[in-house]
Amino acid sequence: MAESPCLEHRQPDRSMVDKEQNDATVKQATIVDKIEKIAIEEETMEVESSHTSFEDSCDSSKILGLLRKFLEVQQRRAEAYAKLRSGFAEYMVSGGEIAYQQLCSEITVEFNDCSKQVLEMEALFLNPEYCREDLAQLLRAVQAQEKEKLHLTATIQVLKKAGRPSERLVSHENCSLKSPTGHECIHLHEITEAAGTEEAEADAEYENALKEAIRGVQDAVTTINDHLEEVRYEIAALEAD
């Protein structure tokens, strides 16, 4: 008796698997886009005139106030990232997309507010009455690293959700029913050396992309922390005067 096609020594057909994997990746990317778009919004965000609620004064107390407020904003960002990581971990277990989409929306609002406040501080430091272009450049450098960190965080989440190519599940909803006990799987074809090599290369590409994104986030965090240390040094120097 001939074996069912699903029991023969075969492996998933690459074209069908790629299509389903791409569909899953697009679905996940749609969720993460809610977060990633913040980086784009930061580039076009308009900041009101530098004459804001902060008094225009070049004395150290006003500069201290801005720098301390900046550290508070960075703490809010850190807490938002912690909440995002926790929410994503729960999403990976439960698959609750609605809850995760809601979380992404909340995080987007929080990040946008943080960015707006930092841009306002940067504008104030550029004000001739504050005359601290060096501090404006420091805040701008942090903003650039935060943008990169956010983009790479989204990339990591997309990759982790998709998983290694060789371990991704396929849907059999389009397969034809061959008998009451089996079906003819459209995803299978005979194993060949070329197909095995292609799968190994796909796994290697996935691993490299994930490692590169993780390393990029680590580098961004290190640079941000270095800049924050500069801010703390500046606060200490102003307090000593």
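Phe-88 counts as buried in this predicted model, because its relative accessibility is 7%, below the 20% cut-off for that label. Its partner is Tyr-100, and the two rings form a tilted aromatic pair, with centres 5.9 Å apart and 55° between the planes. Phe-88 belongs to helix H2 and Tyr-100 to helix H3, so this pair ties together parts of the chain that are twelve residues apart in sequence. The C-alpha atoms of Phe-88 and Tyr-100 are separated by 7.0 Å. Tyr-100 counts as buried too, at 2% relative accessibility. Add Tyr-91, and you have one aromatic cluster made of Phe-88, Tyr-91 and Tyr-100.

How many aromatic pairs does a search of the whole structure find? The search finds five. One of them joins Tyr-81 and Phe-111, whose ring centres are 4.9 Å apart and whose planes meet at 55°, so this pair is tilted. Tyr-81 sits in helix H2, which covers residues 60-94, while Phe-111 sits in helix H3, which covers residues 97-126. The pair links distant parts of the chain, 30 residues apart.

Here are the four ring residues of these two pairs, with their burial.

| Residue | Relative accessibility | Label |
|---|---|---|
| Tyr-81 | 3% | buried |
| Phe-88 | 7% | buried |
| Tyr-100 | 2% | buried |
| Phe-111 | 5% | buried |

Two lysines also come into the picture. Lys-149 lies over the face of Tyr-81, at 3.9 Å from the ring centre. Over the ring of Tyr-91 sits the charged end of Lys-161, 5.0 Å from the centre of that ring.

Both lysines lead us on to another helix. Lys-149 and Lys-161 are among the residues of H4 that meet H2, and H4 covers residues 133-162. On the H2 side, the contact includes Tyr-81, Phe-88 and Tyr-91, the aromatic residues we have just visited, along with others such as Ile-63, Leu-67 and Met-92. On the H4 side, the list includes Leu-135, Leu-139, Val-142 and Leu-150. Taken together, the residues of this contact divide into twelve nonpolar, four polar and five charged.

How are H2 and H4 oriented to each other? Two packed helices are described by the angle between their axes and the distance between the axes. For H2 and H4 the angle is about 0°, and the axes are 12 Å apart. An angle under 35 degrees counts as roughly parallel, and H2 and H4 are therefore roughly parallel to each other.

Definitions and conventions
Residues numbered from 1 in each chain as written. Predicted model: local features only at pLDDT ≥ 70, side-chain atom pairs only at ≥ 80, totals over all residues. Heavy atoms only, no water. Phe/Tyr/Trp six-rings, centres within 6.5 Å; stacked < 30°, edge-to-face > 60°. Helix = DSSP H or I, 4+ residues; strand = E, 2+ residues; numbered from the N terminus. Buried < 20%, exposed > 50% of the residue type's maximum accessible area, 1.4 Å probe, protein only. Lys NZ or Arg CZ within 6 Å of the ring centre and 35° of its normal. Axes fitted to C-alpha atoms, helices over the stretch in contact; angles between N-to-C directions. Parallel < 35°, antiparallel > 145°, perpendicular 65-115°, else oblique. Contact = heavy atoms within 4.5 Å. Nonpolar A, V, L, I, M, F, W, Y, C, P; charged D, E, K, R; others polar.
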